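Student: I am new to this structure and would like a close look at one part of it. Could you walk me through its nonpolar core and then show me what lies around it?

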Amino acid sequence: MELLNDMALFVEVVKARGFRGAAEATGVPNSTLSRRISALEKAIGLRLLHRTTRKVELTEAGLIYYERCRRIVDEARLAHEQLGEMLAQPVGVLRASLPVDFAVAYLAPLIAEFAKRHPGLAFDFDLTPRRADLVSEPFDVAIRMGEPENSQLIARHLASLPTELYASPGYLRQRGEPAEPAELAGHECLGMQKAGAGFWKLENGGETAGVAVGGRFALNSVGLMRRLAVLDMGIILIPAAVVADELAVGSLQRVLPAWSGAPIPVYAITETRLIPAKTRRFIEFLRARLARR
């Protein structure tokens with residue numbers, strides 16, 4: 001059991017890229033962690049980590065050992081959870097990477113509901129635009145919009161959000177309301193695209209239309225895209241869930257209501273299928289709520 005504990009500590013040190021981060025994650029003092037890892041290296045007979053004043057790096061032997069240990073530790077944790085906490089409420093810290101605008105505009109009330117259901121859980125959410133590395137960073141799950149990019153990770157489909165066209169009443173008064181998809185080519189269209197270029201595929205029942213659209217803005221933020229639309233700057237193609245507040249107060253309205261864009265899939269991404277109860281419950285809860293909406 002002591003060897004398994006030391007292996008688990010070694011995995012935490014590697015994930016945190018240092019003893020300080022691992023100490024914060026595990027509650028084990030730096031000095032204890034260093035001593036336990038040194039004892040593990042002595043027992044194995046090989047150096048596992050290169051230590052510097054700023055960080056630690058894996059040796060060649062350490063890399064091989066880490067890949068093995070990570071799977072063993074995951075299996076052991078899952079076994080303990082399934083047998084010892086099968087009926088218990090999940091506890092600990094749930095670390096998740098979330099898409100910024102989708103989390104703020106749509107997931108926030110769902111997260112609040114989940115937190116009320118599980119008072120034993122604490123939450124550590126990262127809402128930066130970057131793609132978190134689930135292999136090297138200590139996240140339990142990442143929620144992503146769009147098709148998964150890394151086939152080596154485990155992707156669980158949560159929902160597909162239909163997209164529609166929206167604009168502000170002020171913009172439509174200034175530029176007129178398009179009567180058919182082809183007219184979008186003459187409008188300012190705001191999207192996650194390069195300035196002056198883009199392509200929207202729309203459908204109306206069995207009918208489809210592809211429209212080359214353009215605009216002056218190159219954006220990588222759904223929140224800014226939504227805000228610019230409210231400020232009369234153009235038409236957006238976006239899930240209704242993301243603009244629910246704007247629709248409720250009338251600052252945005254539907255354009256070409258018979259036409260819709262391609263649905264945007266939402267996935268929960270994990271490094272492994274061996275996920276703890278806190279992560280499994282969170283994924284199951286989001287899938288149920290997103291399907292209902």
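Tutor: Happy to! Let's start inside the largest nonpolar core, which has 37 residues; the members that touch the most others are Phe 102, Leu 107, Ile 143, Leu 158, Ile 236, Leu 286 and Leu 290. Keep in mind that this is a predicted model. Several elements give two or more residues to this core: strand 3 (92-97), helix 5 (100-117), strand 5 (141-145), strand 6 (154-167), helix 7 (222-230), strand 10 (235-239), strand 12 (260-270) and helix 9 (277-292). Helix 5 supplies the largest share, 7 residues. As background, nonpolar side chains in soluble globular proteins tend to be buried together.

Now pick out Leu 290 and look at what surrounds it. Once neighbours within four places in sequence are set aside, Leu 290 is in contact with Phe 102, Tyr 106, Leu 110, Leu 158, Ala 159 and Val 266. Apart from this core there is another one, made of 20 residues, including Leu 33, Leu 48, Tyr 65 and Val 73.

Next, let's turn to the start of the chain, where helix 1 (residues 2-16) meets helix 2 (residues 19-26): their axes come within 7 Å and cross at roughly 120°. An angle over 115 and up to 145 degrees falls outside the perpendicular and antiparallel ranges, and helix 1 and helix 2 are therefore oblique to each other. Their crossing is right-handed. On the helix 1 side, the contact is made by Glu 12, Val 13 and Ala 16, while helix 2 brings Phe 19, Gly 21, Ala 22, Ala 25 and Thr 26. By type, the residues of this contact divide into 5 nonpolar, 2 polar and 1 charged.

Helix 1 has a second partner to look at, helix 3 (residues 30-44); here the axes come within 10 Å and cross at roughly 115°. The crossing of helix 1 and helix 3 is left-handed. Helix 1 takes part through Glu 2, Leu 3, Asn 5, Asp 6, Met 7, Leu 9, Phe 10 and Val 13, and helix 3 through Leu 33, Arg 36, Ile 37 and Leu 40. This contact holds 8 nonpolar, 1 polar and 3 charged residues.

To finish, find Thr 272 in the loop between strand 12 and helix 9. Beyond its neighbours within four places in sequence, Thr 272 is in contact with Asp 74, Ile 154 and Arg 156. Thr 272 and Asp 140 are 132 residues apart in sequence, yet 9.5 Å apart in space, C-alpha to C-alpha.

How values were computed:
Residues numbered from 1 in each chain as written. Predicted model: local features only at pLDDT ≥ 70, side-chain atom pairs only at ≥ 80, totals over all residues. Heavy atoms only, no water. Core = buried A, V, L, I, M, F, W, Y, C linked by side-chain atoms within 4.5 Å. Buried < 20%, exposed > 50% of the residue type's maximum accessible area, 1.4 Å probe, protein only. Helix = DSSP H or I, 4+ residues; strand = E, 2+ residues; numbered from the N terminus. Contact = heavy atoms within 4.5 Å. Axes fitted to C-alpha atoms, helices over the stretch in contact; angles between N-to-C directions. Parallel < 35°, antiparallel > 145°, perpendicular 65-115°, else oblique. Left-handed = near helix turned anticlockwise from the far one by under 90°. Nonpolar A, V, L, I, M, F, W, Y, C, P; charged D, E, K, R; others polar.
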